[in-house]
Amino acid sequence: MGYRGEKQWRKERERREEEMEPEEEEEEEESESRKSWFLMPKSRPVMKTDAGEMRMVRSPGGRIVDKPLHMGFITMEPQSLFIPQYLDSSLILFVRTGEARVGCIYKDEMVERRLKIGDVYHIPAGSTFYILNPGEGQRLHIICTIDPSESLNLDTFQSFFIGGGTHPTSVLAGFGPETLSTAFNVSMSKLEEIMRGQQEGPIVHVTKSHAPSIWTKLSQLQEQDRLNQVKRMVLGEADEEEKEWSWWKLLGIFSGNERRIFGDKAPDSYNIYKRKADFKNDYGWSVAVDGSVYKPFKHSGTGVYLVNLTAGSMMAPHVNPRATEYGIVLRGTGRIQIVYPNGTLAMDVRVREGDVFWVPRYFAFCQIASRSSPFEFFGFTTTSDKNRPQFLVGANSLLHTFNTPELAAAFGVTEERMRRFINAQKEAVILPSASAAPPDEYWKEREEKSEDEGPRVIRNFGDQMIMGFD
């Protein structure tokens, strides 16, 4: 009947493993042993400096994935800068803690957005951007999705740094000195000084004690003053040092038309915490943001969601008919159960803060909060249209809609018995489920057996979040 159960899934995994690096195979073996095939237990460092780091979880591969999405985790120390760059992949940023200023080029315009906790923001592939943590005592933590559908397929994604020196190397460094000297209209000695000055990596401190550069000066100005300063640089009214850092020219936005450069028609960010819940009852709530709510998502083909379950409650078994779902636990503990198309259990595993999971399109699944605390998780879907999940259980389930003699015959029971069975649950979407939520002691023995497993992606999402490395 098409899908033949676990054996077929194993064949798909074997095909995927042939394309993996040795370290990835080891991780998959650990996952196999824990029956956690839909968990992504380890993140990989992408870049790291004294001022911050970026880690990433690769999307699973194979025919079962309708659209791969990598998940990234950016941590930035107070008063630090993720230097200007563009990617061959689009980004969606979600600010978990702290505040950020994100500057980017939008339709040849320089724009900047202030992001706070709960904000989501889309950066298209090929758009030059920077991220600044202006806080004096607050780390910035960002969860992001990396869509490689437009990538060069060189790896997970490719950064092209505009700023840089010896580390990282600017894309400008590939041009001959004579070419750059002519393009910048500066001497060879000044060119060499600029192109070799940066050695601190892609995430740098912008405090006076760490990096007394033009970036430091710009970051410490108020927003309007900073834009005015950049305007002076673009219009040729800056001093010699500022002129040397006028990388804006190389981005093709130097036109002498300040309205074009500093006009602000770019989309704003969207705060998911301020959106009214799509569904809410005594047992929790859920929110989804798609392209109809936040227009930039229409171009990305991606949506986001946020779910909060009270202690012991359950997101009823359901199916996503339009999208694969990627999620991360923000707080609390719970269980995730996923079912194969042939009706056998694919995964039943406890998850906690920092765990990353994914659910293939069409696969039935549910989430259950532990009895001890609420369970909150955030994630991305592979569609910017309304996902319209189909619930298999509950007062609004498709069984209610499909309550016909044919349904009773399919289960081999009378219509009256089928009706009583379906109507027994009066709640919808988020259900009370004390019996399905085992106490913490249930998991204690299972966790003791897996103490040697790899570190979590993120150990703690509190004020002192630590990324998953020893």
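User: What stands opposite Val 304 in β23?

Analyst: Phe 380 does. This is a predicted model, where local features need pLDDT of at least 70, side-chain atom pairs count only at pLDDT 80 or more, and totals for chains, interfaces and linings use all residues. Residues are numbered from 1 along each chain as its sequence is written, and side-chain values use heavy atoms, with hydrogens and water left out.

User: What makes β16 and β23 a pair?

Analyst: Two strands pair if DSSP finds at least two bridges between them. Strand β16 (residues 303–309) has seven bridges to β23, so the definition is met. The two run antiparallel. Strands themselves are DSSP runs of E, at least two residues, and helices are runs of H or I, at least four, each numbered from the N terminus.

User: How do you know that β18 and β23 pair?

Analyst: By the bridge count again: six, in the antiparallel sense. Val 329 stands opposite Phe 377 in β23.

User: And what joins β18 to β21?

Analyst: Four bridges, with the strands antiparallel. In β21, Val 359 is the bridge partner of Glu 325.

User: Why are β14 and β21 called edge strands?

Analyst: The open sheet has six strands in the order β14-β15-β16-β23-β18-β21, paired antiparallel. β14 (279–281) and β21 (356–359) each have a single partner strand, so one side of each lacks a neighbour in the sheet. The twist averages 15° from one strand to the next, with axes as lines fitted to C-alpha atoms and angles from 0 to 180 degrees between N-to-C directions.

User: Why is β23 called mostly covered?

Analyst: Buried means under 20% relative accessible area, exposed over 50%, and partly exposed in between (1.4 Å probe, protein chains only). In β23 (residues 375–381), seven of seven residues are buried, so the label fits. Phe 375, Phe 377, Gly 379 and Thr 381 point one way, while Glu 376, Phe 378 and Phe 380 point the other.

User: What makes one side of α3 a buried face?

Analyst: In α3 (residues 177–184), Leu 180, Ser 181 and Phe 184 are buried. Seen down the helix axis, the buried residues fall within an arc of 100°, so they line one face. That arc is taken from the directions from the axis to the C-beta atoms. On the other side, Glu 178 and Thr 182 are exposed.

User: What covers the buried residues of α3?

Analyst: The cover includes α4 (188–195); contact means heavy atoms within 4.5 Å.

User: Which residue just after α3 takes a positive phi?

Analyst: Asn 185, at about 60°.
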